[in-house]
Amino acid sequence: MNSDSRWLAAAAALAARARPLSRPNPGVGAILVKDGRVIARGWTRPGGRPHAEAVALAEAGEAARGATLYVTLEPCAHTSARGPACADLVSAAGLDRVVVGCLDPDPRTAGAGIARIRAAGIATEHLPSPACAASLSGYLTRQRLGRPEVTLKLALSLDGCIALASGESQWITGPEARAHTHAMRARADAILVGGGTLRADSPRLDVRLPGLEARSPQRWVLTRGAVPSGWRALPEPAAIAGMEGVLHLFVEGGAQTATAFLAAGLVDRLLIYRAPVLLGGRPALGDFGLSPLAAAHGRWRMTERRQLGSDTLEVYEAANRHEG
C-alpha cells in the first residue's frame, strides 16, 4: 500500500467517529498532511455539519497552505443554508494537493467538486479506496439503490437454531458476543425486529456500553399493526426506502423477519454469532424461495472471522452488493 492509500485508510478510520451521529449526512473523514506529518484532522459533526473538510481546515488555519488533504468523499459542490460548499473552502485554503477516496454519487456534486478544486489550480486526484468505500457503505447504498444498507444479525447454535423448541432464546451467546452486538448497534441509525419478537421479548434494543448510550438507534418493528410508544412501524421490507435519514439498518430478528428480508433480496451484510451449543430447537430461517441449490453458491463472501469468548463471529457480504 502506497502512502496515499495509507492516508486515505487513516481518514476512513477517522470517519468512524462520525457514525451514526452525522445522519442524515454520511460520516466523512479528512486528514491534512504536510511534510509527512498530520497537521489537522476532521470528521463530520453530529447532525451533518460542519463537514469533515471544514473541521480540518479550521483546525489547521494558515498551516493548511502547501498541505495535502486526504478526504474519504469528494468535497461537496453545493451550498446550503447551513454552510458553504466544501469544494469552495478547499479551493481557497492554499493547499498543494487533494486526494479523494470516493467520488460522490450525489448529482449535486458528482465530479463537480473535484473539477472546481482543479479549476483553482490545486492538483486533485481520485484514488479509489476500499477502506473509504467501506466507511461510506450506508451512504453509497442509499445513493445508488435508494435504501439503507441492511445488516442482518443472527445468533445461532451449532445446529442453526435461534431458540429452544419452547421459544427460550436468552442467552445463546456469551457476554463477549453480546457486547460486540451492542457495539454494532451503536454504529446503526435504526434497528428492527419482527412483531413476534417485540411481543415475546419486549426488547430494549438500546446500546448498553459505557459512553455509547447516546448512540442507541431508532427502534423499528416489522408489522402492520399498532406499535408501542417510542417505536416505529415498517409494514414490509421493501418500505425501507422510506426510512428517512437512515443509512444503516440493523435487523436483529426473529426468524420470520430475517427470512422476509432475505426473500426480498435486501440483506447486504450478515453477522453470524455462532455459539458452541446444540439446541435442536427453532431454526434461524424459513424458506425464502431459493431454487435451485446452485443458486445458493457465490451469493456471500466472508470478510471477517474472529473469536469472541467461546463464540465465533463470521461476517459476510452479499456478492452483488456493489452492483447497480
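1. Pro50 sits in the loop between β2 and α2. The bond that leads into Pro50 from Arg49 is a cis peptide, with omega near -10°. The model is a predicted one, and this geometry should be read as part of that prediction.

2. A cis peptide bond also joins Arg19 and Pro20, where omega is about 5°. Pro20 belongs to the loop between α1 (3-15) and β1.

3. Helix α2 covers residues 52-60, and 7 of its 9 residues are buried, so the helix is largely enclosed by the rest of the structure. The buried positions are Ala52, Glu53, Ala54, Val55, Ala56, Leu57 and Ala60. Their cover includes the strands β1 (29-34), β2 (37-43) and β3, together with helix α3. After α2 comes Gly61, which has a positive phi near 60°.

4. Two residues other than glycine also have positive phi. Asp35 has a phi of about 55° and is placed in the loop between β1 and β2. Leu205 has a phi near 55° and lies in the loop between α8 (195-201) and β9 (218-222). Their surroundings can be set side by side: Asp35 is exposed, with a relative accessible area of 80%, whereas Leu205 is buried at 3% relative accessibility.

5. Glu74 is an acidic residue to check. It is located in the loop between β3 (68-73) and α3 (86-91). Glu74 counts as buried because its relative accessible area is 2%, under the 20% cut-off. The side chain of Glu74 has a polar atom 3.0 Å from the backbone nitrogen of Gly111, and it reaches the backbone nitrogen of Ala112 at 3.5 Å. Beyond residues up to four places away in sequence, Glu74 touches Val100, Cys102, Leu103, Asp104, Thr109, Ala110, Gly111, Ala112, Gly113 and Ile114. Between the C-alpha atoms of Glu74 and Thr223, which are 149 residues apart along the chain, the separation is 39 Å.

6. Lys153, in strand β6 (residues 149-156), is a buried basic residue, with a relative accessible area of 13%. Its side chain makes a polar contact of 3.4 Å with the side chain of Glu252. Apart from neighbours within four places in sequence, the residues in contact with Lys153 are Thr181, Phe250, Val251, Glu252, Leu271 and Tyr273.

7. Thr181, one of the contacts of Lys153, is also one of the buried residues of helix α7 (residues 175-185), the others being Ala177, His180, His182, Met184 and Arg185. The buried residues of α7 pack against the strands β6, β8 (190-194), β11 (248-253), β12 (269-274), β14 (300-308) and β15 (311-318).

8. For the protein as a whole, the count is 9 helices and 15 strands. A compact globule of 324 residues would have a radius of gyration near 20 Å, and the 21 Å of this protein agrees with that. The C-alpha atoms fill a box of roughly 70 × 45 × 40 Å along the principal axes. Of the contacts with a separation of 6 or more, 72% are between residues 24 or more positions apart.

9. Buried residues make up 49% of the 324 residues. The protein exposes about 14,900 Å², of which carbon and sulfur atoms supply 52%. There are 37 positive and 29 negative side chains, and the centres of these two sets lie 2 Å apart.

Methods:
Residues numbered from 1 in each chain as written. Heavy atoms only, no water. Helix = DSSP H or I, 4+ residues; strand = E, 2+ residues; numbered from the N terminus. Rg over C-alpha atoms; globule rule 2.2 N^0.38 Å. Buried < 20%, exposed > 50% of the residue type's maximum accessible area, 1.4 Å probe, protein only. Contact = heavy atoms within 4.5 Å. Areas by Shrake-Rupley, 256 points an atom, 1.4 Å probe, with all protein chains shown as cover. Lys, Arg positive; Asp, Glu negative; His and termini not counted. Charge placed at Lys NZ, Arg CZ, Asp CG, Glu CD. Polar contact = N/O pair within 3.5 Å; in protein donor to acceptor, adjacent residues only side chain to side chain.
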